Amino acid sequence: MVNLLLVAAAIFCFLGMAWLALAMDSHWKQVRKDRLTEFRVRLLRSLGSASLLASVLFCLAADHASMAALVWTMLLAASALGVAFTFTWRPRLLSLLVVWAKAAS
Amino acid sequence: MFQNFRLSMAWLHTWFGLVLGFVLMAIFFFGALSVFDREIDRWAIPESRFESQPMPSFDKLLRPVFESMQPSKESIEQMRSRVDGPMPERFETIRSWGAYTTHRDPVLSLFTSYEVPNAKEPEESIRANRTIDPRTGVSLPDDQLKIGSRFFYPLHYSLNFRWLNLGYWIVGFASLIMLAALVSGVVMHRKLFREMFTFRPKKSTQRSTLDLHNLTGVVALPFHFFFAFTGLVIFAGIYFPVSHSQLQQLHDQHEVLEAKETGLPHDRSGEPAQLASVDAMVAEAHRRWAERGMAGEVGFLGLTHVGDSNGYVSVYRAGTDRVALTGEGIHFKASTGEVLREDPPSTTVENINEFLTGLHLQHFRHWLLRWLYVLGGLAGCVCIATGFIFFVEKRKRQYAKEGSQTGRVVDALAVTCVTGMLLATVGILIANRLLPSSLPSGWPGRGDLEQYFFWGTWVLAMAHAFLRSAAVAQAKLNPAWREQCMALVVLAPAAVLLNWLTTGDHLYKTLSNGYWPVAGLDISLLVASGLAFLAARHLRRKALGAPGSVHRSPVLADAEVQHG
């Protein structure tokens, strides 16, 4: 059970970091050809923040608060590295996270 | 001196980073390995490859072992100069006995200390150590080096440089500079958030190296900051030794007062006394912890003033379920077993201190967090290594034009402390598996030889890096990078193979038994070898593809990220 919670925390942390990154113009362009509208930026940032919040809640559910704080901080670092390297070598994978945004807007 | 604040920060970051980066590289790398120090011990000492054990019965098992312990001949020799008159054959007055274990330890460490008759300093103690199998009480051979917890771990905080405790001071100074480098790095970074997720290996080497330097520095910034800072907190007593210099008298008096307050005797009474059942005291401690809602195992069991009517037994809890390093100690009168004192709950300041030291020393049971710490440490290594490469890359053309050798030296040192350090690490593991269990008389101990292999490999790697460095002075790539990567490709799997041949524990066996301490290290070695291969291939392509221009591999540094 604890392991599942931690896996969920890790997944949400990665998603959160990825959405926050996609809200940046340069990274959006790596994934999509259409324009990053102001609305999309706000939506992506909200999604990213909500996802990071979910991650911290999963951490708190898995461990004592002091431990959860460390796990979450380190997950942030690991996710940011993971997101950066995915943008470098497999940016297409991250386009899956924005399939809901219709092309040609 | 500088036009603006950012430029002065850049100067600080560059030059302080360059000088102390080599030390920091070792601190980060061996710190990352120390996260799994107990597991590396299992790999290095095949006799200890069994499941972790709880603290065994004191009355039945530990007591006879403690009673049979005496200081080694070497420590008696070392003590001789600090004593007036002859040294005794046996040390009868026992100051303390201690047994220490963690949730990751199959074997149990015991240590004892004795009063030294006729010592020049009245507080002088002589010590003895032993490691036993807690299931049987049988001791492990003395000359087996616990490579993880007794070599890599002390290397992390003292560089194993014990002369005048200088190692501690160098590490402390490097940590302080690390903090300065982090702050100045953040100040001089122009696009901290905008380029937070940016790594562009296809751009120029200078650009991609800087990307990687920024990436690994920024995303793990909280880790870098807190580990440098808490490292300093842990050794504050060494860096500010007031209680043993200016304030010695105050310190001594504080000890006496504290003893009065806690009811735990500071000195022996001189009256001999029997020892009541320690197992019963341990059971009582368990009961009291459970009552407080924190049932747990014993981590440390200590006896003070053994055999004296003032003797007491301290039982500390293993901190597997929390970050803070607390023991919830319960102390008993040794002769009767009555409770003398329960450690009171920590104050706020103590809580903060326990959290800070606990987060660094990691007594908790949390495998995910352990691996994340390894990742943080290796990210630090990548950050430092790319810093060196960037330094050379930025200046190489200018150096080539001026005929300066600076770039050559920095580059060779960078090779030494990146691939050279990895080779030395693999070298000690190979020596550990190759050396026979008994050596001819007159030879140094087996553990000492393993350490000589470590340093020997490192010195060879350094010599190789310098010998091959001529190319750097012409703004070309030092072939030592690729050659040492290739050496790793061969040697890391050789360590895995030797482990199999000498112990029979191949990966299929350890994995199917779920024996992760050995399987984990074997897999990490194979992963390191694979990444070294990718790096070597990349470097070769760069060297062939663009003979005039230097392109150094970002994959090389990435190999570091993954290497556990």
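Here is a walk through a predicted model with chains A and B, taking chain A, the contact between the chains, the nonpolar cores and a hairpin in turn.

Let's start with chain A. Its secondary structure is simple to list: five helices and zero strands. Reading from the N terminus, you'll go through them as α-α-α-α-α. If you follow the C-alpha trace along its principal axes, chain A spans about 45 × 25 × 20 Å. Of the 105 residues in this chain, 46% are buried. How do the contacts inside chain A spread along the sequence? Taking the contacts with a separation of 6 or more, 75% are between residues 24 or more positions apart.

Now look at where chain A touches chain B. Chain A brings 21 residues to this contact, while chain B brings 25 residues. On the chain A side, α1 (2-22) and α4 (65-89) each supply at least two residues. Which helix gives the largest share of that side? That would be α4(A), with 16 residues. As for the kind of residue you'll find on the chain A side, 16 are nonpolar and five are polar, with no charged ones.

Next, turn to the nonpolar cores. The largest one has 148 residues, and the residues with the most contacts inside it come from both chains: A:Met74, A:Ala77 and A:Ala80, along with B:Met25 and B:Leu488. Its largest share, 18 residues, comes from helix α13 of chain B, which covers residues 367-402. To get a feel for this core, pick B:Leu488, one of those residues with the most contacts. Setting aside its neighbours within four places in sequence, B:Leu488 is in contact with B:Thr419, B:Leu422, B:Leu423 and B:Val426, and also with B:Ala528, B:Ser529 and B:Ala532. There's a second core as well, separate from the big one, with 30 residues. Among them are B:Trp97, B:Met281, B:Leu301 and B:Ala334.

Last stop: a pair of strands in chain B. Strand β6 (residues 330-333) and strand β7 (residues 339-342) run antiparallel and are joined by three bridges. If you want a spot to see the pairing, find B:Phe332, which stands opposite B:Val339 in β7(B). Together β6(B) and β7(B) make a hairpin, with five residues between the two strands. What is the phi of B:Gly337, in the turn? It is positive, at about 85°.

Note on methods: Residues numbered from 1 in each chain as written. Chains lettered and ligands numbered in written order. Predicted model: local features only at pLDDT ≥ 70, side-chain atom pairs only at ≥ 80, totals over all residues. Contact = placed C-beta atoms within 7 Å. Helix = DSSP H or I, 4+ residues; strand = E, 2+ residues; numbered from the N terminus. Nonpolar A, V, L, I, M, F, W, Y, C, P; charged D, E, K, R; others polar. Buried ≥ 20, exposed ≤ 12 C-beta atoms within 10 Å, placed from the backbone. Pairing = 2+ DSSP bridges. Core = buried A, V, L, I, M, F, W, Y, C linked by C-beta atoms within 7 Å.
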